[in-house]
Each structure stands twice: as C-alpha cells, then as structure tokens.
Amino acid sequence: MLGIAAAVLFLIAFLLNAAGIATNEVLSSTNFMLVGLAALALHVAGIGGARPAQRWGRRR
C-alpha cells in the first residue's frame, strides 16, 4: 500500500516540476518527492503491507 502511495507522490512531484507550477514551500515538488521516498523506504522495510497471513496464504 505504501508503494502505491509513493508512486502517486512521485507523480505529483513530477507534474509540479514539469509544469513549472509555483507553489508555496509546503507543497513544493521537492517535498512531495521526499515524502514519496519516505513512503517507499517504509514499503521496502515491510511496514504498511498486508498481514503475513494474507501475504503468504494459510499454512497447514
């Protein structure tokens, strides 16, 4: 789930940067990119994903 959120944040950062939209400091493309990197790091670390029982199926 955090991987999808990171992809959306990267897309927003790209669109802001490509269009040259001037925003305030809070909504800058760099901040979107940094939040996306944080979400991606949490996703790679295994936080925010499916529960282990859902991910691997039922063990017998």
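Where does Ser28 lie? Select Ser28: this residue sits in the loop between H1 and H2. Keep that spot in mind while the tour goes round the chain.

**Whole chain**

Zoom out. This is a predicted model. Color by pLDDT. The chain averages 81, and 80% of its residues reach 70 or more. Helix H2, residues 29–44, has the highest mean pLDDT among the elements, at 89. Helix H3, residues 52–56, has the lowest, at 57. Where pLDDT is low, the predicted coordinates should not be read in detail.

Switch to cartoon. Count 3 helices and 0 strands. From the N terminus the order reads α-α-α. Now turn on the surface. About 4,900 Å² is accessible, and carbon and sulfur atoms account for 67% of that area. Of the 60 residues in the chain, 13% are buried.

**Helix H1**

Select residues 2–19, which form H1. H1 has 18 residues. From first C-alpha to last, H1 reaches 26 Å, close to the 26 Å expected at 1.5 Å a residue. Next, pick Ala6, Leu9, Ala13 and Leu16, the buried residues of H1. They cover an arc of only 90 degrees around the axis, which puts them on the same side of H1. The pattern has a simple geometric basis: an α-helix has 3.6 residues a turn, so residues three or four places apart point the same way.

What lies over this side? H2 is part of what covers the buried residues of H1. Now rotate to the face turned away from the buried side. There you find the exposed residues Ile4, Phe14, Ala18 and Ala19.

Step just past the end of H1. Gly20 takes a positive phi there, about 70 degrees.

**Back to the loop**

Return to Ser28. Is Ser28 buried or exposed? Ser28 is buried because its relative accessible area is 18%, and the cut-off for buried is under 20%. Show its contacts. Leaving out residues up to four places away in sequence, Ser28 touches Leu16 and Thr23. Leu16 has come up before, among the buried residues of H1.

**Helix H2**

Select residues 29–44. The 16 residues of H2 should span 22 Å at 1.5 Å a residue, and the end C-alpha atoms are 22 Å apart, so the two values agree. Show Phe32, Gly36 and Ala39, which are buried. Looking down the axis of H2, you see the buried residues within an arc of 60 degrees, so they line one face of the helix. These residues pack against helix H1.

Move to Thr30, also in H2. Thr30 is partly exposed, with a relative accessible area of 43%. Draw a distance from its C-alpha to that of Ala13. The two residues are 17 apart along the chain, and their C-alpha atoms are separated by 6.9 Å.

Now go to Leu40, another residue of H2. Leu40 has a relative accessible area of 34% and is therefore partly exposed. Which residues does Leu40 contact, leaving aside its neighbours within four places in sequence? Ala6 and Phe10. Ala6 is one of the buried residues of H1. Add a second distance, from Leu40 to Ala5. The pair is 35 residues apart in sequence, yet 8.2 Å apart in space, C-alpha to C-alpha.

**Last stop**

Step just past H2 to Gly46. Its phi is positive, about 95 degrees. Then move on to H3, residues 52–56, and remember its mean pLDDT of 57.

Methods
Residues are numbered from 1 along each chain as its sequence is written. This is a predicted model: local features need pLDDT of at least 70, side-chain atom pairs count only at pLDDT 80 or more; totals for chains, interfaces and linings use all residues. Side-chain values use heavy atoms; hydrogens and water are left out. pLDDT is the predictor's confidence in each residue, from 0 to 100. Helices (H or I, at least four residues) and strands (E, at least two) are DSSP runs, numbered from the N terminus. The expected span of a helix is 1.5 Å times one less than its number of residues. Buried means under 20% relative accessible area, exposed over 50%, partly exposed in between (1.4 Å probe, protein chains only). The arc is that of the directions from the helix axis to the C-beta atoms. Contact means heavy atoms within 4.5 Å. Accessible areas come from the Shrake-Rupley method with a 1.4 Å probe; for residues, only the protein chains shown count as cover.
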